[in-house]
Amino acid sequence: MTEIGFKDFETLESFIAKEQHLHPQSRGAFSNLLRRVGLATKIIGSKVQRAGLLNVLGSADGINVQGEQQAKLDVLANEVMRATFRWMPSISGLASEEDDDVVNLPTRLEGQGQYVVLFDPLDGSSNIDANVSVGTIFSIHRCQSTDGRCRLSDFLQPGNRQVAAGYVVYGSSTMFVYTTGSGVHGFTLDPEVGEYVLSHENIRVPDVCKCFSANDTNYKKWDEGSRRFADHVRYSGEERYKKTSSRYVGSLVSDFHRNLLYGGIFMYPADAKTGKGKLRLLYEASPLAMVIEQAGGAATTGPQRILDIVPKELHQRVPLIIGNKHEVELYEKMVKEASAK
Ligand code: P6P
């Protein structure tokens, strides 16, 4: 680190520019899109950091499509994301956890509108009144439609087709973490400069299970395989798990980010009765699955790799088990054995 506090002053801006040079045919639309995600999240972060002072704590009047009470900051963050992308000719549509349907942005210049953006503008917002870390999650796909308008099918693409994915965690510091398929890179916001500065280049998830993350009150709702896996990690006494601690924030981005850096497994299995998971596929599980796989980890529903799921609906929910490859593969094995009985 240099006396100005970071190495070579590599910022998100300069890093995106460097990555663009790897694609000589690129005209910069994708780079501009990533920069705008950076801008939007800086704006959201500034509101989150001052939430208690801006009368934006507490609930808004609305109930979102998920049937969840919207926090004022949910609505605000959603508006910031939409306003940031609305004018961009390279984007033909948006999908948000907070909006029932996709938002079509037909203002496309000839040959533009190459991308659609999906996001959870403020994940974990139910925690925000208690000052618990929250985050924004984003996923970028190529728009398959070529007639100037996007369709639902442009959003219902499997995660293995994402061109970029990432998140921002608004925690003790604000960190922007993303991948375009060439590794995972983290940038810490320097509030004095207003820039995201490269702080974690080429993140690899450590092959240790330092953290076990699950809402244990759901244990009895889980299928047999999930219960066996959880019991194995916590009670088997196996050498690998002797130093494993339970850590569960209840804010997906925070739990994911800690496990990405420290090593660990997050599990939110389906309710065995309904077969339904809680977390959303398109703008939570898929983007984080791309990040974790690019960092050397894995993400599954149990029977299926998250990135291979072909979505059926915009707000589809899935079980999500994500983290170290070792734990994910063990989970898949235990679920398969339990269901075979
Ligand atoms: P539970 C937050 O509401 C969220 O969508 C995720 O951020 C988090 O991982 C999960 O729900 C927590 O759910 O049922 O444990 O409160």
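The paragraphs below go from the overall fold of the chain, through its two sheets, to the shell around the ligand.

The model is a predicted one, and the secondary structure of its protein chain comes to seven helices and 17 strands. With a radius of gyration of 20 Å, close to the 20 Å that the globule rule gives for 341 residues, the protein chain is as compact as a globular protein of that length. Measured out along its principal axes, the C-alpha trace of the chain spans about 55 × 50 × 45 Å.

Strands of a sheet pair through backbone hydrogen bonds, in either the parallel or the antiparallel sense. One open sheet in this chain is formed by eight strands, which follow the order E4-E3-E5-E6-E7-E8-E9-E10 with mixed pairing. Its edges are held by strand E4 (103-104) and strand E10 (195-200), and because each has a single partner strand, one side of each is left without a neighbour in the sheet. Within this order, strand E8 (residues 174-179) and strand E9 (residues 184-190) run antiparallel and are joined by five bridges; Thr-179 has Val-184 in E9 as its bridge partner.

Another open sheet has five strands in the order E12-E11-E13-E17-E15, and here too the pairing is described as mixed. Strand E12 (245-246) and strand E15 (298-300) stand at the edges, each with a single partner strand, and therefore one side of each lacks a neighbour in the sheet. The pairing of E15 with strand E17 (residues 320-323) is antiparallel and extends over three bridges, with Ala-299 standing opposite Ile-322 in E17.

From the sheets we can turn to the ligand. The shell around the ligand draws at least three residues from each of domain 1 (7-200) and domain 2 (211-339), while strand E13 (264-268) and strand E14 (279-280) each supply at least two residues of that shell. By residue class, the shell divides into five nonpolar, five polar and three charged residues. Of the 13 residues around the ligand, those that come nearest are Asp-123, Asn-215, Tyr-248, Leu-252 and Tyr-268.

Several of these residues also place polar side-chain atoms beside ligand oxygens. In the side chain of Asn-215, an N or O atom is 2.8 Å from an oxygen atom of the ligand; a polar side-chain atom of Tyr-248 lies 2.5 Å from a ligand oxygen atom, and for Tyr-268 the corresponding distance from a polar side-chain atom to an oxygen atom of the ligand is 2.5 Å. Taken alone, the ligand exposes 400 Å², of which the protein buries 82%.

Terms used:
Residues numbered from 1 in each chain as written. Predicted model: local features only at pLDDT ≥ 70, side-chain atom pairs only at ≥ 80, totals over all residues. Heavy atoms only, no water. Near = heavy atom within 4 Å. Polar contact = N/O pair within 3.5 Å; in protein donor to acceptor, adjacent residues only side chain to side chain. Areas by Shrake-Rupley, 256 points an atom, 1.4 Å probe, with all protein chains shown as cover. Helix = DSSP H or I, 4+ residues; strand = E, 2+ residues; numbered from the N terminus. Nonpolar A, V, L, I, M, F, W, Y, C, P; charged D, E, K, R; others polar. Domains from an automatic or database assignment. Pairing = 2+ DSSP bridges. Rg over C-alpha atoms; globule rule 2.2 N^0.38 Å.
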